[in-house]
Amino acid sequence: MSGQNVWTHKGTFLLAAVGSAVGLGNLWRFPYLTGENGGGAFILVYALTIFAVGIPILIAEIMLGRTSRQSPIMGMRHLTRTHQTSRAWESIGWLGAASAFLILSFYSVVAGWSLHYTWQMLTGSLAGADAETIGAGFDSLLASPWLMTLYHTLFIILSALIVGMGIHKGIESGLRIIMPALFVILLVVLGYSIVNGDIGAAAEFLFTFSLADLSLEGWLQAMGQSFFTLSLGMGAIMAYGAYMPSDVSLTRTAFAVAFVDTAVALVAGLAIFALVFGAGLETGQGPGLMFVTIPLAFSEMPFGSLIGGVFFILVLGAAISSSISLIEPVAAFLVERFDRTRPQAVAIMTLGSWALGLLTVVSFNVWSEGTLFHTLFGRSAFDFIELLTNIFMPLGGLLIALFAGWALTQSEVAKELGGSPGWFSVWRFLVRFIAPAAVAFVFLRTLPQVDGYLLPAFGALTIVLAVAIGRSLLVKQPPAA
Ligand code: TRP
């Protein structure tokens, strides 16, 4: 592979991985989960799972990308040959591509909502509005398939343009503008919320250490969140890892990604809840926190329209830096495998995801409850797609951990990992045993959600995978090169 396909700067992988990791998961999901599950106790468990499961798999995924230096699908194909394992391991790449495609389809629709709110805030349309007006505004956005499609289209085109311009001129340059801007905005919003909100109440809500509120469900959610927030198990990190220069420390980078991602989640949580408490509002839940409660809080505060607009630009930027990492693995595959030009590959990927996104759009209106899709699958198309990704994501992570832990040779791993022999043993133990067991646990939790027509398909998938994994774990190591 030519030098053309390596990041220009040593720090770019870190920037890109943080860009992928920091998203709606940090700005909205983490604060909400923490508040619900025992505050500081949840954060403690979360930190533990980030260390014992998140970071080892993060390292494994980067490692697979960097050793193969190809897109996830072609890279896994290459690794199954060189390591004489079953071709079934190629499913890591395919699962990743499928998840990327599915996630982008709804991520883009939700990110489109932030586009709407950025516009509403900056034009001052919501200034001084009451709870009812703002709630009704969100409802009427959801009720309008055309408006949602418009925003969805704009957002996906914006992301496609960045990736279409290539990994250097598009992704690298784009991120070098977006990411610093995001950190500045985050600090501005934090400062604003300290002045105008109730930061003490926010800190109490997030950090009160309550073991009693920490259920088994909370543990499982912490694990799922550590996965989601680090963008693991869907090829995004592997694709970026393929461009990582060989002399950059994998271990140090992975720790840095996890640290920055967690720090952003904590700061965002403090800022958001300071605003919510300051305005005397409910901590609420669901999309409502981001798109009803937050606009309402801003509408009551000085310069709320301006800072609120800036806040939604933050959400938008965080979503774009994540969505480009969803396009890259599939686009890179189409370039490698079918000799497409990059713009063509990006157009194919985003057009497909855009079309699929229309299913999410209509889930909120034309195809809402009581219509055919609901009757057939027992849920909206949006919920269905989300459920699929909730199955694919841990599955991908599990396979990545197993392949990196068992199929890669000791010398390969040692060369990639760097660091001391002690760290090598710790990582190998975590990735061979602890992470797979933990992920399997989270995975099984999604089982009760799988019902009706999904059950036979899911059962077959599990059997095929169990057989494939069992067979392929008996790896014949190639003679040392
Ligand atoms: N990490 C993102 C967030 O916190 C969401 C996400 C999960 C993601 N998997 C991804 C983003 C894969 C890009 C690629 O919001």
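How far apart are the mean positions of the positive and negative charges of the chain? They are 22 Å apart, taken over 20 positive and 24 negative charges. Lys and Arg count as positive, Asp and Glu as negative, while His and the chain ends are not counted. Each charge is placed at NZ of Lys, CZ of Arg, CG of Asp or CD of Glu.

This is a predicted model, in which local features need pLDDT of at least 70, side-chain atom pairs count only at pLDDT 80 or more, and totals for chains, interfaces and linings use all residues. Residues are numbered from 1 along each chain as its sequence is written, and side-chain values use heavy atoms, with hydrogens and water left out.

## The whole chain

The chain has 20 helices and 0 strands. Both are DSSP runs numbered from the N terminus: helices are H or I with at least four residues, strands are E with at least two. The radius of gyration is 22 Å, close to the 23 Å that the globule rule gives for 481 residues, so the chain is as compact as a globular protein of that length. That radius is taken over C-alpha atoms, and the rule is 2.2 Å times the number of residues to the power 0.38. Along the principal axes, the C-alpha atoms fill a box of roughly 70 × 45 × 45 Å.

Of the 481 residues, 58% are buried. Buried means under 20% relative accessible area, exposed means over 50%, and partly exposed lies in between (1.4 Å probe, protein chains only). The accessible surface comes to about 19,100 Å², and carbon and sulfur atoms hold 69% of it. These areas come from the Shrake-Rupley method with a 1.4 Å probe.

Contact means heavy atoms within 4.5 Å. Among contacts with a separation of 6 or more, 82% join residues 24 or more positions apart.

## Two enclosed helices

Helix 5 covers residues 91-122. Its 32 residues reach 45 Å from first C-alpha to last, close to the 46 Å expected at 1.5 Å a residue. The expected span is 1.5 Å times one less than the number of residues. In helix 5, 26 of the 32 residues are buried, so the helix is largely enclosed by the rest of the structure. Gly-124 follows helix 5 and has a positive phi, near 75°.

Helix 1 (residues 12-21) is also largely enclosed, because 8 of its 10 residues are buried. Among them are Thr-12, Phe-13 and Ala-16.

## Four residues up close

| Residue | Place | Relative accessible area |
|---|---|---|
| Thr-49 | helix 3 (residues 40-68) | 6%, buried |
| Ser-231 | loop between helix 10 (216-229) and helix 11 (236-241) | 10%, buried |
| Val-335 | helix 14 (residues 304-338) | 26%, partly exposed |
| Phe-303 | loop between helix 13 (287-299) and helix 14 | 65%, exposed |

Start with the two loop residues. Ser-231 is not a glycine, yet its phi is positive, about 60°. Phe-303 is likewise a residue other than glycine, with a positive phi near 55°.

Now the two helix residues. Which residues does Thr-49 touch, leaving aside its neighbours within four places in sequence? Thr-49 is in contact with Gly-54, Ala-222, Met-223 and Ser-226. With neighbours within four places again set aside, Val-335 is in contact with Arg-340, Thr-341, Arg-342 and Ala-345. Val-335 and Ala-345 are 10 residues apart in sequence. In space, their C-alpha atoms are 6.1 Å apart.
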